[in-house]
Structure formats: C-alpha cells, structure tokens
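Trainee: I am new to this structure and would like a close look at a single part of it. Could you take me slowly through the surroundings of one charged side chain and what lies around it?

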Amino acid sequence: PTTASSLETADYRAMNAVDGNLNTRWSSGAGHGTEWLQIDLGSTYIINGVNLYWERAYATSYQIQVSVDQKTCTSIYSTTTGAGGNKFLTGLAGIGRYLRVYATHYSPSRINFSLWEVQVYGNVAGTPGPAGPQGPAGPQGAAAPVCTEFSTGITANSYPLGITTGADGNIWFTEVSGNMV
C-alpha cells in the first residue's frame, strides 16, 4: 500500500502516485507544510533509481528516504533546488522496503505538493552469492590490495546498521540485533 501525510481530497489518493497512470495523481492537503508520500514495496530492495513526475505543485526542497522497518529512515537523495516536471534520479544507493518522498518547501505560488507518478528502480535484496576467490598477498610493509569482490551473511532480514573494520582487518556489518557478520 501507499500512504501519505494528507490528501487534498479523496480524488487525489496516495495510491494514484503508483498506479502507472499519468492522468491520476496524489495531492497533499493545502497549507500543511512538510508532507510525505510513502510506498510499501512489499519486499526489501536495493534501490538505485527513482523517477518522479511532479504536477505544478512540486517541491523545491525534498528528500528521497528509505526504511526497512518504517521507524528509521535514511535519506538517499536531497535537494533544495527542485524544479518540478519529470525528475529521474539515478545512481542512488539505499536498502529498504519503504520509500518515502519527504517534501519540505512548496513551489512558487503553491500551497501543497502533488505527484502524478513515482517509479522506483532496483533489485530485490536476496541471499548473497558465494564468496569470491582470495586475492594475492601484498608485498611486506605495503598496503593490502583493495577488495573488489566480497560476500556477506547479510540477508533481507538482517537489517544492516553499519560497517566496521575489525582488528583482524575484515569488514564487519552490524545488524539491528547487534550481531556482526
């Protein structure tokens, strides 16, 4: 399901922004200030792109946020110079089941936000593949070679919080539960 912080009227429902129809739209209530539109993707995804189709009531300042749990959001894109129209954001990097367009400033002479459509691009976060081959040993006293391929125990249910380099030189992912993989 798709939800929103407010609606202009029942005709401009949140689900209109993800129905694949550029003739229907979501529109927030007037004069509320900060507003958001949140999309439940149904599964956890590695998100790398978002395509926004703004109506005349666009946001000049907004963020694209992702979340795995609807509690902690991470911003993967932010602007204070939004110009409306069709904005295809590429090169994004985030993991989440929920994607939120978080709008904070109205376009000139408008008092709400409105999106014709939001399209999300990425891949389902699944089970990691097998470990890659071990790289060659570096010369004594020199920096170790840069790791270009790795495998982790991270799954869609791991909810990684951070990355740490351990005393052993390995990279560890810290999960919500506190486990390190």
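Mentor: What follows is a walk around Arg25 and its partners, and then on to the aromatic rings and the core.

This is a predicted model, in which local features need pLDDT of at least 70 and side-chain atom pairs count only at pLDDT 80 or more, while totals for chains, interfaces and linings use all residues. Residues are numbered from 1 along each chain as its sequence is written, and side-chain values use heavy atoms, with hydrogens and water left out.

Arg25 is placed in the loop between β1 and β2, where strands are DSSP runs of E with at least two residues, numbered from the N terminus. With a relative accessibility of 13%, Arg25 counts as buried, a word that here means under 20% relative accessible area, whereas exposed means over 50% and partly exposed lies in between, with a 1.4 Å probe and protein chains only. Leaving aside neighbours within four places in sequence, Arg25 is in contact (heavy atoms within 4.5 Å) with a set of residues that includes Glu8, Asp11, Glu55, Ser114 and Trp116.

Three of these contacts can be described further. The side chains of Arg25 and Glu55 meet in a salt bridge, at 4.0 Å from N to O; the term stands for a side-chain nitrogen of Lys or Arg within 4 Å of a carboxyl oxygen of Asp or Glu. This pair links distant parts of the chain, since Glu55 belongs to the loop between β3 and β4 and lies 30 residues apart from Arg25. A polar contact of 2.9 Å joins the side chains of Arg25 and Ser114, a polar contact being a pair of N or O atoms within 3.5 Å in which, within protein, one must be able to donate a hydrogen and the other to accept it, and residues adjacent in sequence count only if both atoms are side-chain atoms. Finally, the charged end of Arg25 sits over the ring of Trp116, 5.5 Å from its centre, which is to say that CZ of Arg (or NZ of Lys) is within 6 Å of the ring centre and within 35 degrees of the ring normal.

Glu55 carries the picture onward. Glu55 is buried, with a relative accessible area of 12%, and its side chain also meets that of Arg56 in a salt bridge of 3.9 Å, N to O, although Arg56 is exposed at 59%. Through shared partners, salt bridges join Arg25, Glu55 and Arg56 into one network.

Trp116 and Ser114 lead to another residue, Trp54, which touches both of them as well as Tyr62, among others. Trp54, Tyr62 and Tyr77 form one aromatic cluster. Within it, the ring centres of Tyr62 and Tyr77 are 5.9 Å apart and their planes stand at 40°, so the pair is tilted; rings of Phe, Tyr and Trp (its six-membered ring) pair if their centres lie within 6.5 Å, with planes under 30 degrees apart called stacked, over 60 edge-to-face and the rest tilted. Tyr62 is in strand β4 and Tyr77 in strand β5, 15 residues apart.

Trp54 is also among the residues with the most contacts inside the largest nonpolar core, which has 23 residues; such a core is a set of buried Ala, Val, Leu, Ile, Met, Phe, Trp, Tyr and Cys residues joined through side-chain atoms within 4.5 Å. Strand β3 gives the most to this core, with six residues.

Note on methods:
Helices (H or I, at least four residues) and strands (E, at least two) are DSSP runs, numbered from the N terminus.
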